[in-house]
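Here's a quick report on one model, covering some strand pairing and a pocket. Have a look at the structure first, then read on.

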Amino acid sequence: MKIFATDLSDVFIIEMKAFSDDRGFIKELWNAPRYLNYGLGVPSVQTNFSRSRKDVVRGLHYQEPHGQGKLVTVLSGEVFDVAVDIRQGSPNFGKWTGTILSGDNHRQLWIPPGFAHGFAVLSDNADFLYQCTAPYDPRCEHAIRWDDPVIGIDWQVKNPILAAKDQAAPLLSEAKVLPPYYPLPPLIVSDNGRAASRDAG
């Protein structure tokens, strides 16, 4: 297992070790003591699964209060996964980072509370797993417009398919509820590997 920093602090890529032979492979999706050793000590209390077809964009979603940290994994297919720092007072406020997750590259993305999350499906279909640090609470559910021009995410899809609520979500500048900023403890990271990121504006 390796953990790589991204250009957006507090968001990390986790590369799982897969054991392969002519029958296929096996890998650990979650091992509490091992993840704790790397600094990922917040327990997973809820696991969600979604299946989406090509060009579907889901996001940008967050929960406040009772923010959810998310460890996300693609079981099959390929997605472009995105996190946006929306913590009021953060030095990275409005910045995003994104990386490819697939069933074959054995990577996860760790997105702590205080970040909005979304993904775009690049393959014909994708099976997506969310391990969350807090239970889902519909009273605290919020969203930011997926195509907010100030954030400026390149979703890597030409004709995105969206839910009505995501199309109607406010811009970041119009959001009525945003999480506060507080420094997070550092993680132990490997020596190489970074994800793409963009500055707001």
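## Where two strands meet

Let's begin with a strand pair in this predicted model. Strands β1 and β2 (residues 12-15) run antiparallel and are joined by 4 bridges. If you want one contact to find on screen, take Ile 3, whose bridge partner in β2 is Ile 14.

## The sheet around them

Zoom out a bit, and that pair belongs to an open sheet of 6 strands. Reading across, the order goes β1-β2-β10-β7-β12-β5, and the pairing is antiparallel. At the edges sit β1 (2-5) and β5, each of which pairs on one side only. Ignoring direction, neighbouring strands in this sheet are turned by 25° against each other on average.

As background, strands in a sheet pair through backbone hydrogen bonds, and they can do so in parallel or antiparallel fashion.

## The largest pocket

Now for the open space. The largest pocket holds about 430 Å³. It's lined by 21 residues, and those closest to the pocket centre are His 61, Lys 70, Tyr 130, Glu 141 and Lys 165.

Which elements give two or more residues to the lining? They are β5 (46-53), β6 (57-63) and α2 (164-167), so edge strand β5 turns up here again. β6 gives the most, with 5 residues. As for chemistry, the lining splits into 9 nonpolar, 7 polar and 5 charged residues.

Methods
Residues numbered from 1 in each chain as written. Predicted model: local features only at pLDDT ≥ 70, side-chain atom pairs only at ≥ 80, totals over all residues. Heavy atoms only, no water. 1 Å grid on protein atoms, 1.4 Å probe; cavity = no way out; pocket = protein on both sides within 12 Å on 5 of 7 lines; lining within 4 Å. Points joined across faces, edges and corners; volume = space filled by probe spheres on them. Nonpolar A, V, L, I, M, F, W, Y, C, P; charged D, E, K, R; others polar. Pairing = 2+ DSSP bridges. Axes fitted to C-alpha atoms, helices over the stretch in contact; angles between N-to-C directions.
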